[in-house]
Amino acid sequence: LQGIFVLGLPYALLHSGYSGLLLIVLAAALCCYTGKILIACLYEENEDGQLIRVRDTYEDIANACCKKLSPGLGGIVVNVTQVVELIMTCILYLVVSGNLLSHSFPYVPVTEKTWSVIAFVTLLPCMFIRTLKTVSKLSQLCSLVHFVIIFVLITYCLTQMHQWSWAKFRLSLEFENFLVSVGVIIFSYTSQIFLPTLEGNMKNPGEFRCMLNWTHFFACILKTTFALTAFLTWGEKTKEVITDNLPSFLETLVNLCLLTKALLSYPLPFFAATEIVYSCISKDNNFNYRSPLLALTVRGSFLSLTLLMAMFTPHFALLM
């Protein structure tokens with residue numbers, strides 16, 4: 001829930017004003033609720049009235065919903081949607097990596113797109129990741145780095161309390177900019193795509209709803225606090241990626257931490273997207289979809305796609 005994209009929340013407040021604060025809370029409530037009902041769709045009651053998990057993925061849910069219309073249509077739509085979202089997330093990591101490197105080393109005569117290519121080169125080993133265990137270890141490191149970053153940012157903002165003013169909030173909104181803000185806020189809560197796997201691997205799945213309530217509650221508190229303190233600190237000067245507003249002595253340090261986090265975060269959506277493609281191939285063909293050549297081809301194609309898209313869409317907030 002606390003991905004690198006929370007760095008765009010202060011920018012979202014710049015273009016949404018007081019309504020942005022309401023949206024952060026509303027998005028948390030809606031995402032929590034939809035997460036619960038999506039997981040509920042994985043279960044059905046047996047003859048004794050007990051809930052039994054009869055489905056494992058969103059594809060299974062979609063196929064059940066569209067069973068009368070077209071047995072496989074729902075699953076196809078869901079799989080395509082999931083792959084697109086996951087690939088777009090990977091693209092975002094490349095875009096933000098280029099942005100961070102560009103602002104960390106402003107005196108190096110290299111464009112932001114070139115920095116994205118350099119970041120891409122460091123991600124080539126993703127082609128050889130074969131298990132979720134490796135990805136989970138990288139994700140743990142991401143979490144540690146992220147909380148350090150947020151702590152540093154909020155601490156700095158609190159030292160600037162003397163210049164805070166609620167007058168910085170906009171009362172009039174531009175519709176196009178407001179839509180960008182809505183996208184940034186909702187995307188910062190993206191977690192539904194991983195919920196079936198998460199719930200299926202919990203020691204006590206019965207505690208899933210309670211877990212979802214508390215995680216969204218604390219995520220909402222942290223996001224609101226972070227976005228509010230950062231926006232009150234910089235006001236109209238708030239930039240797309242809030243670390244660009246930091247003084248130079250902090251900006252480089254935080255940007256390098258963020259770069260590390262972005263690169264370590266990339267493997268999770270990348271791995272998930274390729275696994276979906278692999279599962280689809282295995283259903284439609286009678287050959288070994290785990291063959292090394294096919295694996296390298298799929299992963300290499302996905303890596304190249306994310307780089308090309310990052311080159312053509314270099315705007316962080318707009319892409320979100």
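When I say two residues touch, or are in contact, I mean they have heavy atoms within 4.5 Å. Keep that in mind, as I'll use it a lot. And a reminder that what's on the screen is a predicted model.

Let's start with a residue that shows it off: Thr 233, which sits in helix 9. What does Thr 233 touch, once we drop residues up to four places away in sequence? The answer is Cys 157, Gln 160, Gln 163, Trp 164 and Lys 168. Its C-alpha is also 9.3 Å from that of Thr 159, and those two are 74 residues apart along the chain. Thr 233 has a relative accessible area of 4%, so it counts as buried.

Okay, let's zoom out. The protein has 13 helices and two strands. Is it spread out or compact? For 320 residues, a compact globule would have a radius of gyration near 20 Å, and this one has 21 Å, so the two agree. If you'd rather think in boxes, the C-alpha atoms fill one of roughly 65 × 45 × 35 Å along the principal axes.

Of those 320 residues, 46% count as buried. The accessible surface is about 16,500 Å², with 68% of that belonging to carbon and sulfur atoms. On charges, I get 20 positive and 19 negative side chains, and the centres of the two sets lie 5 Å apart. Now look at the contacts with a separation of 6 or more: 77% of them come from residues 24 or more positions apart.

On to helix 2, residues 18–40. Its 23 residues reach 34 Å from first C-alpha to last, close to the 33 Å expected at 1.5 Å a residue. The buried residues here include Gly 20, Leu 21, Ile 24, Ala 27, Ala 28, Cys 31, Cys 32 and Gly 35. As you know, an α-helix has 3.6 residues a turn, so residues three or four places apart point the same way. Have that in mind when you read down the buried list, which also takes in Lys 36 and Ile 39. So what covers them? The cover includes helix 1, strand 1, helix 7, helix 8 and helix 9. Helix 9, remember, is where we found Thr 233.

Next, helix 10, residues 248–265. With 18 residues at 1.5 Å each it should span 26 Å, and the end C-alpha atoms are 25 Å apart, so that agrees too. Its buried residues aren't just leucines like Leu 250 and Leu 258: Glu 251, Asn 255 and Lys 261 are among them. Leu 259 is on that list as well, and it takes us to helix 4.

In helix 4, residues 73–104, we find Leu 94. The C-alpha atoms of Leu 94 and Leu 259 are separated by 9.5 Å, though the two are 165 residues apart along the chain. Buried or exposed? Leu 94 is at 0% relative accessibility, so it counts as buried. Beyond four places in sequence, it touches Ser 116, Ala 119, Phe 120, Leu 123, Tyr 266, Thr 306, Leu 307 and Ala 310.

Last one: Phe 194, in the loop between helix 7 and helix 8. At 30% relative accessibility, Phe 194 counts as partly exposed, because that class runs between 20% and 50%. Leaving aside neighbours within four places, it's in contact with Leu 86 and Leu 268. Phe 194 and Ala 273 are 11 Å apart, C-alpha to C-alpha, with their positions 79 residues apart in sequence.

That's my tour. Questions?

Definitions and conventions: Residues are numbered from 1 along each chain as its sequence is written. This is a predicted model: local features need pLDDT of at least 70, side-chain atom pairs count only at pLDDT 80 or more; totals for chains, interfaces and linings use all residues. Side-chain values use heavy atoms; hydrogens and water are left out. Helices (H or I, at least four residues) and strands (E, at least two) are DSSP runs, numbered from the N terminus. The radius of gyration is taken over C-alpha atoms; the globule rule is 2.2 Å times the number of residues to the power 0.38. Buried means under 20% relative accessible area, exposed over 50%, partly exposed in between (1.4 Å probe, protein chains only). Accessible areas come from the Shrake-Rupley method with a 1.4 Å probe; for residues, only the protein chains shown count as cover. Lys and Arg count as positive and Asp and Glu as negative; His and the chain ends are not counted. The place of a charge is taken as NZ of Lys, CZ of Arg, CG of Asp or CD of Glu. The expected span of a helix is 1.5 Å times one less than its number of residues.
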